[in-house]
Number of protein chains: 2
Amino acid sequence: MPELRKDPVTEGWVIVSTERRKRPTDFPSLPEEEDHAGCPFCPGNEDKTPPEIIAFGRDGGKPNTPGWKVRVVPNKFPALGIEGELDRRGLGMYDLMNGIGAHEVIIETPDHNRHLKDSTVEEIQLVLRAYQQRMEDLLKDPRLRYTLIFKNQGGQAGASLHHPHSQLIATPVTPKKVREELIGSQRYWELKERCVFCDIIRQEQDTGDRIVYENEAFVAFCPFASRFPFEVWILPKKHSPDFHTITTGHIPFLADMLRIVLGKLASALGNPQYNYILHTGPARFARRGYWETIEQDYHWHLEIIPRLTKIAGFEWGTSFYINPTPPEEAASYLREREV
Amino acid sequence: MPELRKDPVTEGWVIVSTERRKRPTDFPSLPEEEDHAGCPFCPGNEDKTPPEIIAFGRDGGKPNTPGWKVRVVPNKFPALGIEGELDRRGLGMYDLMNGIGAHEVIIETPDHNRHLKDSTVEEIQLVLRAYQQRMEDLLKDPRLRYTLIFKNQGGQAGASLHHPHSQLIATPVTPKKVREELIGSQRYWELKERCVFCDIIRQEQDTGDRIVYENEAFVAFCPFASRFPFEVWILPKKHSPDFHTITTGHIPFLADMLRIVLGKLASALGNPQYNYILHTGPARFARRGYWETIEQDYHWHLEIIPRLTKIAGFEWGTSFYINPTPPEEAASYLREREV
């Protein structure tokens with residue numbers, strides 16, 4: 001008998017379908033390596049991207065030259081443009097504004113084939129520091145309400161380039177899914193006067209059957225209402241609404257967590273394509289207007305979604321997902337994998 | 001300069017990205033034909049599906065034998081099961097229930113390679129009558145709150161079989177996306193005492209630049225905040241919350257509409273993969289509890305989504321879409337196509 005499970009934050013329902021049960025070997029795996037010829041993100045090709053915003057690891061060299069370890073550049077084909085006034089207006093009954101925002105690329109490594117899972121904790125820390133630094137900088141721009149950081153790994157996951165990179169999009173509106181999470185957390189706080197994510201962490205630690213990995217500062221588990229097979233969430237154990245306030249002491253633990261969890265996914269599923277998305281609180285100025293209580297009721301986290309199944313009309317039309325792998329099974333496979 | 005546009009019903013924002021503009025010829029097209037060997041939906045193979053629920057066009061023959069024109073069968077690998085009690089329960093802080101529901105397949109034609117766009121108005125009418133009849137029947141089941149009808153055309157759109165078919169999933173909960181639309185329409189009604197969809201139709205008819213096709217009873221247009229390139233919505237011109245109350249007189253106009261719009265999409269985009277999803281009001285009993293006003297504020301419609309772009313982490317994580325084809329351009333291409 002399949003089960004219907006409700007996400008306690010967004011209240012979306014998921015069908016966990018045992019009839020269509022899938023095991024890790026049922027999913028296709030992918031080649032890890034690709035030739036780097038012509039790659040605009042490789043060292044030596046710095047002039048093929050717009051001029052860099054920041055770079056780490058280049059010891060005294062000039063900007064836009066090789067020697068960097070992590071490099072952040074504007075997206076060459078940006079979805080949003082950084083120049084101009086934010087012009088909110090109506091068009092008959094409709095609302096629109098001009099597409100002000102930032103769209104940046106975080107090039108995670110000079111090595112064309114060095115995926116995050118194969119990087120050292122030190123290397124991943126640099127990537128996380130780049131995320132943090134760019135968010136802090138963009139928070140100062142009063143036009144922008146939200147900074148979204150995400151990674152598309154593999155063509156099916158939306159990546160158009162193989163070279164390991166993440167993206168940042170800062171928007172003048174709070175995206176709907178984020179708003180839903182904020183509203184859901186707020187509702188839970190009003191009912192219980194506790195953070196819903198803190199409660200989830202405690203319950204997951206109590207039962208243990210969906211836990212994937214824990215270290216001193218972070219916990220990873222397959223969520224109860226996983227929408228996708230092998231979906232994994234990473235949360236800081238200590239309550240915190242905003243990723244960008246992460247302390248220098250906690251960054252190594254998050255880097256360790258990412259390396260281990262991505263390694264376990266790669267080992268269990270054979271190098272799957274995936275997306276991860278950083279869910280963090282909105283920019284400070286927007287918060288004052290809308291989310292007075294966010295400091296206490298929202299809890300930043302990272303959602304990792306292996307791209308194993310196709311999203312069909314049903315899922316798109318309804319936000320109602322069918323997941324063929326119970327999260328308890330997925331977590332059990334992942335726990336056992338040595339990285 | 002890209003534009004940010006807001007959907008007036010769900011309040012989701014969309015980036016209409018002119019930097020990444022795509023024209024119809026930028027999208028891949030697909031082969032139309034496939035060998036029918038072993039297809040469980042072809043005539044003669046009726047024993048390869050579970051026993052049929054209804055069939056149209058078989059003149060006096062026995063059930064589960066050839067001669068039918070449209071045939072409805074239970075899904076062989078159902079996501080939800082029809083037998084049992086609806087057992088809503090908690091599990092610590094989580095909510096779940098057993099997966100009660102219906103999952104059916106509407107086989108649209110006996111011909112393995114006869115797509116809906118190539119069918120006659122008479123043939124499409126039979127498919128629509130099958131949708132209507134199955135919805136009316138499932139409305140009687142007090143356990144079920146919503147009946148979703150959708151079509152996945154092509155493997156990337158989630159179809160696992162080529163033979164033209166639609167699916168029906170009836171669920172004991174109202175899917176989140178549907179609830180969002182109901183809440184959005186209700187909010188608009190409270191503000192204006194008008195149906196938001198009726199207002200949209202009037203505005204689209206006034207400006208005309210997003211209209212794709214109109215007939216006596218229906219209108220098709222690319223919505224102002226189209227999430228996807230060449231997204232098309234079909235709405236009845238006369239206000240109506242529920243698809244299943246469509247009159248016998250209006251079914252031929254909807255069949256004509258579907259044939260023309262799918263034909264225009266195929267002609268402009270070269271037989272694209274697509275999903276369509278019927279957005280209709282929830283079952284009557286649920287409505288009394290939650291949506292007293294739905295008769296006046298909701299308006300059923302069909303959303304057609306060609307699968308031309310890949311959905312990346314950004315879209316999944318935020319419900320915030322980047323659409324590289326302005327809907328005015330898409331509508332203009334589609335209007336010009338002769339079918």
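Two residues are in contact if their C-beta atoms, placed from the backbone, lie within 7 Å. This is a predicted model, in which local features need pLDDT of at least 70 and side-chain atom pairs count only at pLDDT 80 or more, while totals for chains, interfaces and linings use all residues. Residues are numbered from 1 along each chain as its sequence is written, and chains are lettered from A, as ligands are numbered from 1, in the order in which they are written.

**View 1. The contact between chain A and chain B.** Chain A gives 62 residues to the contact, and chain B gives 62 residues. On the side of chain A that touches chain B there are 32 nonpolar, 17 polar and 13 charged residues, where Asp, Glu, Lys and Arg count as charged, Ala, Val, Leu, Ile, Met, Phe, Trp, Tyr, Cys and Pro as nonpolar, and the others, Gly among them, as polar.

**View 2. The relation of the two copies.** Chain A is superposed on chain B by a rotation of 180° with 0.0 Å of shift along its axis, at an RMSD of 0.0 Å, with the fit made by least squares on the C-alpha atoms of residues with pLDDT of at least 70 in both. The two copies are therefore related as by a two-fold rotation axis. The same surface serves both copies, since 100% of the contact residues of chain A recur in chain B.

**View 3. The low-confidence stretch of chain A.** Over residues 285-289 of chain A, pLDDT (the predictor's confidence in each residue, from 0 to 100) stays under 50, and the model has six contacts beyond four places in sequence for these residues.
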